[in-house]
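Here is a short briefing to read alongside the structure. Take a moment to turn the model around, then follow the notes by topic.

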Amino acid sequence: MASIIYKDQEIALIGDELEVGDNAPRITLRTKNLAPVEIAPPGKTQILLSFPSLDTQVCSKQAKETNKRLASMKNIEVIIISMDLPFAMDRFCATEGVDDIIVASDFAFKDFGTNYGVLIGDSIFAGLLARAAFVVKDGKIVYKQLVEELMGKIDFKDLELFMHKNYGYPLN
């Protein structure tokens, strides 16, 4: 079981920790428009980024950065996943101009959080998602980045370097 840190306190994450090479759990989430989006379908490559909430400064900034930096990757589905309600996600995207990527909510069943091992356990943040990045190709996890500090940021340079080396995407 993985853990993250918040103000020098360790917080356990719920669910089995996934590693590169593991099968990616197939689940269905709801987008900002309540449409279903399948996670880890066969034949697709997806970049999955989990955030605690789009209604925080760090998450908001990273969502906008994701939209700017990763949306141009052709044949790659970029999905931001949080526990925000779909209606709040829709307002956020409209207000912030985040319209080139998919935003999906895990609030109903917490399937992503528990199946990908990023659901925050017993703490004041219980029930939210830890900040993480996964690249899933043909149902397998080929890249993983778990941000150790709750208020830390996803290392986009590392993710982009991986996509460049393995899929030929240009570096920003």
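Which residues have the most contacts inside the largest nonpolar core? They are I39, L48, I81, F112 and Y116, and the core they belong to has 30 residues. Please keep in mind that this is a predicted model. The notes below begin with the chain as a whole, then turn to its cores and a few individual residues.

**Overall architecture**

- The chain holds 10 strands and 4 helices.
- Starting at the N terminus, the order of elements is β-β-β-β-β-α-β-α-β-α-β-β-β-α.
- With 172 residues, the chain has a radius of gyration of 15 Å, close to the 16 Å from the globule rule, so it is as compact as a globular protein of that length.
- Along the principal axes, a box of roughly 40 × 35 × 30 Å is filled by the C-alpha atoms.
- Among contacts in the chain with a separation of 6 or more, 63% join residues that are 24 or more positions apart.

**Surface, burial and charge**

- Of the 172 residues in the chain, 50% are buried.
- The chain has an accessible surface of about 8,500 Å², and carbon and sulfur atoms account for 50% of that area.
- There are 19 positive and 24 negative charges in the chain, and the mean positions of these two sets lie 6 Å apart.

**The nonpolar cores**

- As general background, nonpolar side chains in soluble globular proteins tend to be buried together.
- In this chain, the largest nonpolar core has 30 residues. Elements giving two or more residues to this core are β1 (3-6), β2 (9-14), β3 (27-31), β4 (36-39), β6 (77-82), β8 (119-120) and β9 (132-137).
- β9 provides the largest share of this core, with 3 residues.
- I39 is a good place to look inside this core: beyond its neighbours within four places in sequence, I39 is in contact with P25, R26, I27, L29, Q46, L48, I79, I81 and Y116.
- A second core, separate from the one above, has 27 residues, among them I47, V98, I101 and V135.

**The loop between β5 and α1**

- Both S53 and T56 are found in the loop between β5 and α1. Here β5 spans 45-50 and α1 spans 57-69.
- Is S53 buried or exposed? S53 counts as buried because its relative accessibility is 13%, under the 20% cut-off.
- Leaving out residues up to four places away in sequence, S53 touches C59, S82 and D84.
- T56 has a relative accessibility of 33%, so T56 counts as partly exposed.
- T56 and N166 are 110 residues apart along the chain, and their C-alpha atoms are separated by 32 Å.

**Residues with positive phi**

- Most residues other than glycine have a negative phi, which makes the next two residues worth a look.
- K7 is not a glycine, yet it has a positive phi of about 50°. The loop between β1 and β2 is where K7 sits.
- K7 counts as exposed because its relative accessibility is 62%, over the 50% cut-off.
- K110 is another residue other than glycine with a positive phi, in this case near 60°. K110 lies in the loop between β7 (102-105) and α3 (111-115).
- With a relative accessible area of 29%, K110 is partly exposed.

Notes
Residues are numbered from 1 along each chain as its sequence is written. This is a predicted model: local features need pLDDT of at least 70, side-chain atom pairs count only at pLDDT 80 or more; totals for chains, interfaces and linings use all residues. Side-chain values use heavy atoms; hydrogens and water are left out. The radius of gyration is taken over C-alpha atoms; the globule rule is 2.2 Å times the number of residues to the power 0.38. Buried means under 20% relative accessible area, exposed over 50%, partly exposed in between (1.4 Å probe, protein chains only). Contact means heavy atoms within 4.5 Å. Accessible areas come from the Shrake-Rupley method with a 1.4 Å probe; for residues, only the protein chains shown count as cover. Lys and Arg count as positive and Asp and Glu as negative; His and the chain ends are not counted. The place of a charge is taken as NZ of Lys, CZ of Arg, CG of Asp or CD of Glu. A nonpolar core is a set of buried Ala, Val, Leu, Ile, Met, Phe, Trp, Tyr and Cys residues joined through side-chain atoms within 4.5 Å.
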